[in-house]
Amino acid sequence: MAEKLLEIENLTAGFLTVGGTVKATEHVSLSLDKGQTVCLVGESGSGKSVTSLAIMRLIDYSGGAILEGSIRFQGEDLTKRSQDEMIRIRGNKIAMIFQDPMSSLNPVYTVGDQIAESIMLHRKKGKKEAHKMAVDMLRLVGIPAPEIRAKQYPHELSGGMCQRVVIAIALACDPDLLIADEPTTALDVTVQAQILDLLRSLQKELGMSILLITHDMGVAAEMADRIAVMYAGIIVEEGSANDIFARPSHPYTEGLLKSVPGLDGSRGDELYTIRGNIPGLSQLPVGCRFHPRCPHAKDICREKSPPAFRVTEGHHASCWMYMEEGGAAAWKNESKPEVSR
Ligand SMILES: Nc1ncnc2c1ncn2[C@@H]1O[C@H](COP(=O)(O)OP(=O)(O)OP(=O)(O)O)[C@@H](O)[C@H]1O
Ligand code: NI
């Protein structure tokens, strides 16, 4: 059995607003094994970042709170830790990188200084050694002429290089878990592919686990061992990447796949868009949250929220079509002809 690193159970997190408490994630369960990459995928506003902020307990600082559930990391429940204890965990065992590399770097310090700072803080090294290690880190993340680059400021580096520096800073503490929230969204496609390659090779080399947050199924296809699809604050489908791509079992997942060129086997000349928009937190529909946009919605979908049904071992989908045997096949047949093998 693979070793569990992170086990989120029933996580509900939300914000206090003038109109009362709004829940940005509800009953989210997700787990990640040692060395694994799990992708959390969904449209903008689905609650991906809130989930990562909850894991890091940074949500407490953005006007939010964990309302229910547990987050077991290496066997301890992070929801029960004090912020002082979290500071140690955040720096040393869990690292996080964000979408915009420029805003994560300090413009007035050289990149070498910034990496060295992180090394001094987390690895208790002296200044000289930390600077030497910073150059090694720059080399590790694939920056050419690292000795020279270390003495430069962020504005002297390209966006892709800055993101490599941000990754170096995150890895300076040798984390067991790296949470990457849309790490390549701000970068152009070629650089994006390079950064994803880098993350993959670093993961192999360092053995860390990655929770990768993305709205892009193409990125998930490249990176994920497992995929959790999030919609309006809940996980609507979860399974191995192979299962999700071979047999997307929630209409929302299928919509996401159809909207990416080439992923569903089509040539991508006629791209699909899921009709409508994701609902706001204060206007969540009754029943299945996806039903107003779902091409297969039935009466029950408008009335009751579906539980997670088992599609196959380790693959679940929260869609009423799974209630009756053969139901899944029923909606699949409406939208796609049977593939003969
Ligand atoms: N500080 C906050 N106060 C109130 N509501 C918030 C706050 N932060 C996020 N939300 C709400 O929580 C919901 C989920 O937001 P979240 O940032 O997790 O989405 P996301 O899936 O990461 O989207 P994106 O792809 O745009 O980053 C949204 O409806 C958002 O408006
Ligand atoms: Ni986000």
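Here are some notes on the sheet, one hairpin, two helices and the ligand shell of this predicted model.

1. Ground rules. Since this is a prediction, local features need pLDDT of at least 70 and side-chain atom pairs count only at pLDDT 80 or more, while totals for chains, interfaces and linings use all residues. Residues are numbered from 1 along each chain as its sequence is written, and chains are lettered from A and ligands numbered from 1 in the order in which they are written.

2. The sheet. Eight strands (E runs in DSSP of at least two residues, numbered from the N terminus, as are helices, H or I runs of at least four) make an open sheet in the order β6-β7-β8-β3-β9-β10-β12-β11, with mixed pairing. Pairing here takes at least two DSSP bridges between two strands. β6 (94-97) and β11 sit at the edges with a single partner strand each, so one side of each has no neighbour in the sheet. From one strand to the next, the twist averages 20°.

3. A helix on the sheet. α7 packs there, touching β6 and β7 (177-181), and its direction makes about 165° with that of β6. Contact is C-beta atoms, placed from the backbone, within 7 Å; axes are lines fitted to C-alpha atoms, for helices over the stretch in contact, and angles run from 0 to 180 degrees between N-to-C directions.

4. The hairpin. β11 (309-312) and β12 (315-317) run antiparallel, joined by three bridges. F309 is partnered with A317, and T312 with H315. Two residues lie between the strands, and G314 has a positive phi near 75°.

5. Helix α4. At 1.5 Å a residue, its 13 residues (111-123) should span 18 Å, and the end C-alpha atoms are indeed 18 Å apart; the expected span is 1.5 Å times one less than the number of residues. Its buried residues are V111, G112, Q114, I115, A116, S118 and I119, where buried means 20 or more other C-beta atoms, placed from the backbone, within 10 Å of the residue's own. They pack against α5 (127-140), α6 (146-150) and α7 (159-171). Just after α4, K124 has a positive phi of about 55°.

6. Ligand 1. The shell holds 15 residues, with A24, S44, K48, S49 and V50 the closest; the cut-off is a C-beta atom, placed from the backbone, within 6 Å. Helix α1 (48-55) contributes the most, three residues.

Technical notes:
Buried ≥ 20, exposed ≤ 12 C-beta atoms within 10 Å, placed from the backbone. Contact = placed C-beta atoms within 7 Å.
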